[in-house]
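Please open the structure in the viewer and keep the selection tool at hand. The tour below proceeds stop by stop, stating what to select and what is found there.

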Amino acid sequence: MKQLWDYLKVSCKIELENQLIFRSNFFVSILFVIIRVVMLLALWSALYQGKTQVEGISLATMKCYTIVSIVFELFIACKVENSITEKVKDGSISMMLTRPASYPVTLFIEHLAGTFQAVVVWVVPYLLVIFLCGFAKGAQLYLGPWFWLSAAGAYLLMFFYQFFFGMIAFWTQEINGFLQARDAVMLVFSGSMVPLWFFPGRLFSIAQYLPFQAMYSTPLSIMIGKIAGADIRTALLVQAGWILGFGFLAQFCWRKSRRRMIVNGG
């Protein structure tokens with residue numbers, strides 16, 4: 001356990017140092033996030049023009065939903081797939097098998113380190129902007145234990161989800177095109193850009209059968225009170241089902257991938 005803790009501390013330090021080294025990339029990323037926030041806020045302001053509420057949600061709450069959605073995306077962002085693909089390509093994946101800790105555990109620690117960097121550099125500053133600039137003023141938010149439990153569930157689900165898809169690299173060795181197509185579908189059906197309750201009936205039904213809503217829509221809907229009461233328990237049970245499902249698939253695919261190990265360049 002001490003070795004894992006030491007590895008986590010070293011990984012956190014490396015993540016922060018990398019962020020300081022690639023400053024230009026950091027500032028460009030900030031610019032694109034700001035542009036995205038401004039465009040979405042302008043869009044919702046236009047859609048709410050002349051209306052106090054839409055689907056029971058006020059404009060202030062919708063603005064807060066939009067900004068928190070982007071912050072939440074930064075929080076659960078995961079580079080697991082890229083890490084797996086790079087190690088499969090250069091053959092260093094074989095070195096992971098010689099470590100005391102299993103590769104999935106090592107990956108999760110690296111994911112935690114990436115989250116630490118994101119919280120320090122991105123999440124905390126953006127949350128301060130939300131409250132200091134008054135974006136949360138008038139918004140009806142629920143930040144109780146159910147929200148945080150759902151947020152933790154979304155974080156874990158994202159890790160297992162990306163680990164599962166990262167295993168595809170053992171068979172194809174290049175998955176970028178596939179991931180781009182998948183992420184486009186996730187952007188639509190996760191509720192991160194447009195809340196799912198605005199979807200027409202058929203699209204809303206499709207979204208309920210996909211794991212994406214458990215990553216974004218569930219915690220964000222709990223936060224603004226769109227999911228409340230007994231519906232919270234139902235939503236958390238669905239989320240837990242997706243976590244267990246992808247957790248099992250990730251472990252199963254890892255065992256299969258180890259048997260099919262192809263080392264390139266080493």
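Begin by selecting Leu112, whose place is in helix 6 (residues 103-132); helices here are DSSP runs of H or I with at least four residues, and strands are runs of E with at least two, numbered from the N terminus. This is a predicted model, in which local features need pLDDT of at least 70 and side-chain atom pairs count only at pLDDT 80 or more, while totals for chains, interfaces and linings use all residues. Residues are numbered from 1 along each chain as its sequence is written, and side-chain values use heavy atoms, with hydrogens and water left out.

Leu112 has a relative accessible area of 31% and is therefore partly exposed; buried means under 20%, exposed over 50%, and partly exposed in between, with a 1.4 Å probe and protein chains only. Add Ile76 to the selection: its C-alpha atom is 9.7 Å from that of Leu112, although 36 residues separate the two in sequence.

**Helix 3 and helix 7**

Next, select helix 3 (residues 59-76) together with helix 7. Their axes come within 10 Å and cross at roughly 50°; axes are lines fitted to C-alpha atoms, for helices over the stretch in contact, and angles run from 0 to 180 degrees between N-to-C directions. Helix 3 is therefore oblique to helix 7, given that angles under 35 degrees count as roughly parallel, over 145 as roughly antiparallel, 65 to 115 as roughly perpendicular and the rest as oblique. The crossing is right-handed; this term applies if the near helix is turned clockwise from the far one by less than a right angle, and left-handed applies if anticlockwise.

**Helix 7 and its other partners**

Keep helix 7 (residues 145-166) and add helix 13: the two axes come within 8 Å, crossing at roughly 25°. The two helices are therefore roughly parallel, and their crossing is left-handed.

Now replace helix 13 with helix 9 (residues 176-189), whose axis lies 12 Å from that of helix 7, at an angle of about 150°. Helix 7 is thus roughly antiparallel to helix 9, and the crossing of this pair is right-handed.

**Along helix 13**

Select Lys256, which lies in helix 13 and is partly exposed, at 37% relative accessible area. Met167 is 89 residues away along the chain, yet the C-alpha atoms of Lys256 and Met167 are separated by 9.1 Å.

Then select Phe248 and Phe252, four residues apart in helix 13 (residues 230-259), about one turn of the helix. Phe248 is exposed at 57%, whereas Phe252 is partly exposed at 42%.

**Aromatic rings**

Rings of Phe, Tyr and Trp (its six-membered ring) pair if their centres lie within 6.5 Å; planes under 30 degrees apart count as stacked, over 60 as edge-to-face and the rest as tilted. The count comes to 18 aromatic pairs. In one of them, the ring centres of Phe248 and Phe252 are 6.3 Å apart and the planes are at 15°, so this pair is stacked.

Select Phe108, Tyr155, Phe159, Phe160, Phe163 and Trp254 to display one aromatic cluster. Continue to Arg182, whose charged end sits over the ring of Phe165, 4.9 Å from the ring centre; the rule requires NZ of Lys or CZ of Arg within 6 Å of the centre and within 35 degrees of the ring normal.

**Cysteines**

How many disulfides does a search of the whole structure find? The search finds zero, a disulfide being a pair of cysteine sulfur atoms within 2.5 Å. Finish with Cys64, buried at 1% relative accessibility, and Cys253, buried at 15%.
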